[in-house]
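Visitor: I'd like to talk through some charged pairs with you. Could you show me the model?
Guide: Gladly, here it comes.
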Amino acid sequence: MIGSFLVSLATPFQTGPIHATAPPFLPYVGTASQSNINDAIRPRQTVQAHELAALTWLSSSFEPSRQNSWNLRNGNVSFETPLVFSGIALEKHWESNPGGGGGDSFVSLSNPIFLGSGGSGAVFSFAVDSSSSSSPSSRIETDPQQRVAIKVSWKSSRTSVQNECTVLQAMERYHVPHVERCLGAQAYPYEDGRIMIALQPALASPSGITSSISNVPPDRQEKAVKQVMETMAAMLHANIITVDVQTLISEETGEVLFIDFTEAMTLSLPATSKDIVAVVGFCNEIKALVPDSLQDMATHYLKVLLQGMDGNGMTLSSDVYSVLESVWLE
């Protein structure tokens, strides 16, 4: 159920103007007049030198465009790279300068790879330029293989994508495991009324990823189920649920990543009747992720998690606990 994150494919094409003026000189071409014949038949190596100089000038004048564009079902997305994203910073700069050092924080991103698009926006994986420099605001892992995902909203989905970032940052404060992190948000610079958010971790490609635990090797399915239950319990403790649960699961390792929180919501305290309906839906969607053969194991592990949370003073509200009992513990 990767859903809107990886549902459509598009082929990027490069656009952009090419500007050139006349080169300072070009290889001489003689005419039929006698005065030019001697010049026309001068030693070949001289002509080659002129040709080489002209070709060198031409190659420096016609640099390839660095604009990347995608025509997608719900709209168009374009980037000029490097893409400068403000408000996020590299972890190496945080470690070397924990005080901040002043100035606006930013990261330079390049080499976008299209991952997928849907109703809320389009998602791309970017490489972090090694030359990025910034002051710390939000930290990015510095492994050369690490990438940053950029999600670009449509005009109609700006509010929900902004909400996604807000909810993800709230879950990070609650240390909810196995969910993507939102590093920051800024206006999409190429069209008014749209927004883009920076996310980690980011895939280099969707290969080797599934949305079904059943597609994971049997010896790693239990690990995946445990991670799903850990995320559900932690989200409920944070009073956050989503009505459209989406996961990316590594077929090789069984690692789970929850994505696409555009439909997420924070529960009221105390919970309203509408909240309780949403919690029921959330718990049932989580239950549907677990294969039938592992349902009993998942229930047992949930009880262990809840006992540990109680021991650490991380109790759930009575309304939420009642829903959890009705869906999972009876």
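Visitor: What makes D260 and K151 a salt bridge?
Guide: The term stands for a side-chain nitrogen of Lys or Arg within 4 Å of a carboxyl oxygen of Asp or Glu. The closest N and O atoms of D260 and K151 are 3.3 Å apart, so the pair fits that rule. Do keep in mind that this is a predicted model, where local features need pLDDT of at least 70, side-chain atom pairs count only at pLDDT 80 or more, and totals for chains, interfaces and linings use all residues. Side-chain values use heavy atoms, leaving out hydrogens and water, and residues are numbered from 1 along each chain as its sequence is written.

Visitor: How many salt bridges does the rule give?
Guide: The count comes to 8. K151 and D260 also belong to a network of salt bridges that includes E164.

Visitor: Why is D260 called buried?
Guide: Buried means under 20% relative accessible area, exposed over 50%, and partly exposed in between (1.4 Å probe, protein chains only). D260 has 6%, so it counts as buried. K151, at 4%, is therefore buried as well.

Visitor: And what makes K155 and E191 a salt bridge?
Guide: Their closest N and O atoms are 3.7 Å apart, so the definition is met.

Visitor: Why is K155 called exposed, and why is E191 called partly exposed?
Guide: K155 has 51% relative accessibility, so it counts as exposed. E191 has 34%, so it falls in the partly exposed class.
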